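Work through the exercises below with the model open. Try each task before you read its solution.

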Amino acid sequence: MNNYEKCLSNFNESAWLESLGTLLPSIHEVDRDATAIWFRFYPLALQRFLADAEDKAREIQKLVIQGDYELTDQIDTSHSFLYGHRYWKEVKTEIKHRADAFSGDSLEIADEARSIAQAASKTAGVGESLLLGMAAIGLMTLVQVGWDEFKRSPGTTGTPHGLLAKTPDQIVAERAKDDSQGIFGFLRTVDRQYTVNWQDSRSSGSFRIKNDADIASASALDQSQNWRSKDARCWEGVVPVECRSAACGTCWVGVVGGKEKLSEVQRLERKQMQVFGYNQPDEPKPLLRLACQAKASGNVSIVIPPWNGVFGRKVYEVEESKLEPATTSARKLRETLASVAAKGE
Ligand code: FES
């Protein structure tokens, strides 16, 4: 572990999310929610819990983890749903430069991310706001995969396709639009139909959804492909599901566009998200949802994480035991844990 990685490793998950919160307003809207979603798809507390486990395979089994949760396998691809993904090489190169030149004994996450975005934006020839989310993601990736793996990955990215080939402002505008309901659309109520885009980087990555239907049920109606051959968790449509009743945690998704067009989180979903360990922001219409509970009243764009599990209590209890009592991040995490404990009874 080099000095740079060591300093970044001093922060726990809450401290990272706190720093991310200060950066979000400066991140371009096209990637603002996407960046926040990425940090919830790859929780540091879970990575550390598994790295410290004596019998990792057994812990994975106990946490009912399915799919590919390892960031090490996805260093160059985990962020492909961000517009800024195309600048990963520039961001990664800048992180490597700064790590090699670093000789201090402490650093601030947010300041470091800003410096990386500033330098990389000059190389890439675009505004800092388009690289800031990627800079924060790059730093967290380094912490989770370690310096050697970070350096080893080639940093290459594919050419953007589909909606992601448009400009950032066009993408934001497209995500906000709803499908036309035709000339007499104003007369329609329950038979209104919308689109769920599940992969902005592909023109064919979408399925239809009836007004007020939940995302998981709508996904199940799309039999256009053998979804199971692509992801063993996909029994029906492209969204992995099992229970369809907020009991298993399989169907969690990030909402990169149109979260305001989904139904409000109800008590059951709120409680279960904490039990599963998914760090859902405490808002009526947050960016992390259970697809079997979220009902659409317009077009939405989602991202499907490559894994799922049930780790809320076990992992965050271990995280809490390592906390200093007086820090803001410690207090916030303790509040979350208290809430998990209270609602899980
Ligand atoms: S399918 Fe089980 S929680 Fe949604």
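**Exercise 1. Overall make-up**

What share of the contacts in the protein chain with a separation of 6 or more is accounted for by residues 24 or more positions apart?

*Solution.* The model is predicted: local features need pLDDT of at least 70, side-chain atom pairs count only at pLDDT 80 or more, and totals for chains, interfaces and linings use all residues. Residues are numbered from 1 along each chain as its sequence is written.

Step 1. Apply the contact criterion: C-beta atoms, placed from the backbone, lie within 7 Å.
Step 2. Residues 24 or more positions apart account for 72% of these contacts with a separation of 6 or more.
Step 3. Add the secondary structure: the protein chain has 15 helices and seven strands. These are DSSP runs, numbered from the N terminus (helices H or I, at least four residues; strands E, at least two).

**Exercise 2. The open sheet**

Find the order of the strands in the open sheet of five strands, and state which stand at the edges.

*Solution.* Step 1. The order is β3-β2-β6-β4-β5, with mixed pairing. Strands pair if DSSP finds at least two bridges between them.
Step 2. β3 (206-210) and β5 each have a single partner strand, so one side of each lacks a neighbour in the sheet.
Step 3. Neighbouring strands are turned by 40° against each other on average, direction ignored.
Step 4. Take β2 (residues 193-197): five bridges pair it with β3 in the antiparallel sense. Threonine 195 stands opposite arginine 208 in β3.

**Exercise 3. Strand β4**

Is strand β4 (residues 252-257) buried or exposed?

*Solution.* Step 1. Count other C-beta atoms, placed from the backbone, within 10 Å of a residue's own: 20 or more is buried, 12 or fewer exposed, in between partly exposed.
Step 2. Six of the six residues of β4 are buried, so the strand is largely enclosed by the rest of the structure.
Step 3. Check its partners. Three bridges join β4 to β5 (residues 288-290), antiparallel. Glycine 254 faces leucine 288 there.
Step 4. β4 also pairs with β6 (residues 300-303), antiparallel, over three bridges. Valine 255 stands opposite isoleucine 302.

**Exercise 4. Helices α3 and α8**

How do the axes of α3 (residues 29-41) and α8 (residues 132-145) cross?

*Solution.* Step 1. Fit lines to C-alpha atoms over the stretch in contact; angles between N-to-C directions run from 0 to 180 degrees.
Step 2. The axes come within 10 Å and cross at roughly 10°.
Step 3. The two helices are therefore roughly parallel (angles under 35 degrees).
Step 4. Residues making the contact include Trp38 and Phe39 of α3 and Ile137 and Met140 of α8.

Definitions and conventions: Angles under 35 degrees count as roughly parallel, over 145 as roughly antiparallel, 65 to 115 as roughly perpendicular and the rest as oblique. Two residues are in contact if their C-beta atoms, placed from the backbone, lie within 7 Å.
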